[in-house]
Structure formats: C-alpha cells, structure tokens
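Please open the structure in a viewer in which chains and residues can be selected individually. The tour below proceeds by selection, one stop after another.

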Protein chains: 2
Amino acid sequence: MIQTDQAQPVFRALADPTRRAIVAMLADGERPVGDIASEFQMTRPAVAKHLAILREGGLISVEIQGRERINRLIPDRLKAAADWINHFDRFWDERLAKLKQIVEKE
Amino acid sequence: MIQTDQAQPVFRALADPTRRAIVAMLADGERPVGDIASEFQMTRPAVAKHLAILREGGLISVEIQGRERINRLIPDRLKAAADWINHFDRFWDERLAKLKQIVEKE
DNA sequence: TTTATATGAAACCTTTTGGTGTTATGTCAA
DNA sequence: TTGACATAACACCAAAAGGTTTCATATAAA
C-alpha cells in the first residue's frame with residue numbers, strides 16, 4: 001500500500017490551512033514564534049500549537065536563541081508527500097497511454 | 001500566499017490514512033462502495049463517509065450502475081497538492097544554489 | 001535588581017471527525 | 001411479486017482538533 005504510513009505525519013501537518021501558510025511563510029526565511037503569530041488573527045499559543053504539529057511532521061526545526069525560538073523550514077519532508085502523489089501521476093500517465101493505444105488500434 | 005485555498009479540500013481529503021488507502025486502491029481500478037468497504041475492518045457506512053469526503057475533494061467520481069455506485073479515481077486534483085509542494089522544491093533548490101555560490105566564493 | 005519580553009504549559013471549551021447501529025429505498029433475481 | 005442486496009440517510013457517540021485564557025519561567029534590558 002505504498003509508503004502511506006511514512007507520509008502520515010506530513011499529510012496531517014499539511015491538512016490545516018494555517019499550517020500551510022506557516023510553511024509558505026518560513027520559505028521566505030526563519031522566524032521566531034511570536035513573529036509568526038503576529039501575522040495571524042489567532043492567539044500566540046494557537047500558533048505555537050500549529051508549530052508543534054509541523055515539528056512532529058518533521059517539516060520545521062527549532063533553534064533556541066536566548067529567549068527566542070527560531071523556526072526554520074526543512075522542506076525535505078515535503079518530498080515524502082510529493083512522492084506519494086507522484087505515484088499516481090505515473091499511474092495516470094500509464095492509463096492515458098493504454099487508452100491511446102486502444103483508440104489508435106480502432 | 002500561493003494557491004493554498006485551491007488545495008484545501010485535497011489536503012483535507014488526503015489527511016486521513018483510510019482515505020489515502022482508498023485512493024491507492026482505486027488507482028488499480030474502479031470499485032463499488034461495498035467492495036471497497038470489504039477491504040477495511042470498519043463498517044460500510046464509515047467507508048461511505050470517507051468516499052463522500054474524497055468526492056468533495058474532487059479526487060473521485062461516482063457512476064451509478066443499477067444498485068451499485070462505482071467509484072473511480074480522478075488523479076487530476078492531486079496535482080493541486082503536488083503543485084503546492086513543488087513550489088517549495090524550487091525554493092529549496094534556490095537556497096542550495098545560493099549556499100553553493102557562497103561556499104565557492106570563499 | 002527590577003521590569004519587560006518571548007515563550008511553554010496547563011486547563012478548559014466548542015466544533016469537527018471518524019466511527020457505530022438502524023432504518024428506508026431502489027434494484028436485481030428467483 | 002417476493003426476497004435478497006447495495007446503498008443512502010439518520011441519529012448518535014467518543015475522541016481529536018483548534019481555539020482561548022491563565023499562569024509559570026527564562027532571558028534581555030533598564
């Protein structure tokens with residue numbers, strides 16, 4: 001059944017729009033928690049929870065700098081999700097090729 | 001913020017392992033509801049709910065054939081998710097290129 | 001050393017999610 | 001037409017998700 005279980009924490013992390021926004025945000029550069037939270041309407045603890053889930057999914061890392069915690073994107077893990085999806089791209093191509101064959105035979 | 005909203009229903013649909021298993025299953029061929037349900041330990045109504053969410057995400061279509069409802073994968077929508085992820089692949093490549101430049105200068 | 005700042009952690013609330021069992025409906029087959 | 005079958009549609013439940021407020025702690029800055 002492919003590597004569904006490996007991709008699990010990543011897909012869970014990406015399922016929420018706030019978390020995807022954070023990922024996009026961190027693509028432009030690392031940022032501390034409060035700094036990220038200031039971009040959203042929700043409270044800082046709520047954003048901190050999202051960051052924890054992204055961390056569980058292996059999508060971001062945290063570096064403690066004094067009283068700040070710098071969040072940094074690790075895009076590698078996104079590949080696990082991309083790989084899973086790409087598997088079906090290939091399937092789709094095969095299907096189209098088969099269909100083409102059938103059509104051309106007639 | 002990229003096309004996060006477009007990808008929303010797809011990511012939501014893929015967030016659950018059962019639904020990803022169904023997607024993988026339908027990649028091998030279309031199947032009716034009960035047939036799909038027989039592969040899982042949960043009840044048929046539970047599977048039917050998952051199918052409904054996959055339908056909302058535009059990942060599968062249903063064709064009514066007599067008293068059966070044939071579920072068929074539409075992998076196109078998976079591209080919305082793949083596109084989103086690919087954006088960060090590009091970003092990562094750029095980062096690596098920049099890093100390489102810096103390293104090589106020294 | 002006092003005060004302000006950045007954050008985590010805990011307790012709590014509400015809504016959604018993933019399940020169940022039951023009942024109703026349309027369709028196939030004897 | 002009668003009975004079995006494939007499903008949808010409910011009503012319902014427990015757990016997880018997403019949020020809030022409050023409080024504690026460590027660090028920076030006055």
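The following stops visit the contact between the chains, the two DNA strands, and three buried residues. The model is a predicted one.

**Stop 1: chain A against chain B**

Begin by selecting chains A and B together. In this pairing, 30 residues of chain B are in contact with 30 residues of chain A. The area buried between chain B and chain A is about 2,800 Å², and carbon and sulfur atoms give 73% of that area. Next, highlight B:Arg20, B:Ile85 and B:Phe88: these residues supply 20% of the area that chain B buries against chain A, more than any other three residues.

How many salt bridges are there between chain B and chain A? The count is zero. Two residue pairs are in polar contact between chain B and chain A, both at pLDDT 80 or more.

Colour chain B by element to see where this side comes from. The elements that give two or more residues to the side of chain B that touches chain A are α1 (4–14), α2 (17–26) and α5 (78–105) of chain B. Of these, α5(B) gives the most, with 11 residues. By class, the residues on this side of chain B divide into 21 nonpolar, three polar and six charged.

**Stop 2: B:Pro75**

Remain with chain B and select B:Pro75, which lies in the loop between β3 and α5 of that chain. Is B:Pro75 buried or exposed? B:Pro75 is buried, because its relative accessible area is 1%. Leaving aside its neighbours within four places in sequence, B:Pro75 is in contact with A:Phe88, A:Phe91 and A:Trp92. To gauge the distance along chain B, add B:Lys98 to the selection. B:Pro75 and B:Lys98 are 23 residues apart in sequence and 35 Å apart in space, C-alpha to C-alpha.

**Stop 3: DNA strand D**

Now select DNA strand D and display the residues around it. Strand D is surrounded by 20 residues, the closest of which are A:Thr43, A:Lys49, A:His50, B:Gly34 and B:Arg69. Which parts of the DNA do the nearby atoms belong to? Of the atoms of strand D within 4 Å of the protein, 70% belong to sugar or phosphate, and the rest to bases.

Three side chains of chain A may be inspected in turn. An N or O atom in the side chain of A:His50 is 2.3 Å from a phosphate oxygen of strand D. For the side chain of A:Arg12, the corresponding distance to a phosphate oxygen of strand D is 3.3 Å. The side chain of A:Asp16 likewise has an N or O atom 3.3 Å from a phosphate oxygen of strand D.

The elements that give two or more residues to the surface near strand D are α4 (44–56) of chain A together with α3 (33–37), α4 (44–56) and β3 (68–73) of chain B. The greatest share comes from α4(A), with five residues. This surface has seven nonpolar, four polar and nine charged residues.

**Stop 4: A:Thr18**

From A:His50, move to A:Thr18, which is placed in helix α2 (residues 17–26) of chain A. A:Thr18 is buried, with a relative accessible area of 14%. Not counting residues up to four places away in sequence, A:Thr18 touches A:Phe40, A:Met42 and A:His50.

**Stop 5: DNA strand C**

Select DNA strand C next. Here 22 residues surround the strand, and the closest are A:Gly34, A:Arg69, B:Thr43, B:Lys49 and B:His50. Sugar or phosphate accounts for 71% of the atoms of strand C within 4 Å of the protein, and bases for the rest.

Two backbone approaches can be displayed in chain A. A backbone N or O atom of A:Gly34 lies 2.6 Å from a phosphate oxygen of strand C, and a polar backbone atom of A:Val33 is 3.2 Å from a phosphate oxygen of that strand. In chain B, a side-chain N or O atom of B:Arg12 is 3.3 Å from a phosphate oxygen of strand C.

α4(B) gives the most to the surface near strand C, with five residues. By class, this surface has eight nonpolar, five polar and nine charged residues.

**Stop 6: A:Asn71**

Finish at A:Asn71, in strand β3 of chain A. A:Asn71 is buried, with a relative accessible area of 1%. Its side chain reaches the backbone oxygen of A:Arg69 at 3.3 Å. Not counting residues up to four places away in sequence, A:Asn71 touches several others, including A:Val33, A:Ile36 and A:Leu51.

Note on methods. Residues numbered from 1 in each chain as written. Chains lettered and ligands numbered in written order. Heavy atoms only, no water. Near = heavy atom within 4 Å. Polar contact = N/O pair within 3.5 Å; in protein donor to acceptor, adjacent residues only side chain to side chain. Helix = DSSP H or I, 4+ residues; strand = E, 2+ residues; numbered from the N terminus. Nonpolar A, V, L, I, M, F, W, Y, C, P; charged D, E, K, R; others polar. Contact = heavy atoms within 4.5 Å. Buried area = accessible area lost by both parts, 1.4 Å probe. Salt bridge = Lys/Arg side-chain N within 4 Å of Asp/Glu carboxyl O. Buried < 20%, exposed > 50% of the residue type's maximum accessible area, 1.4 Å probe, protein only.
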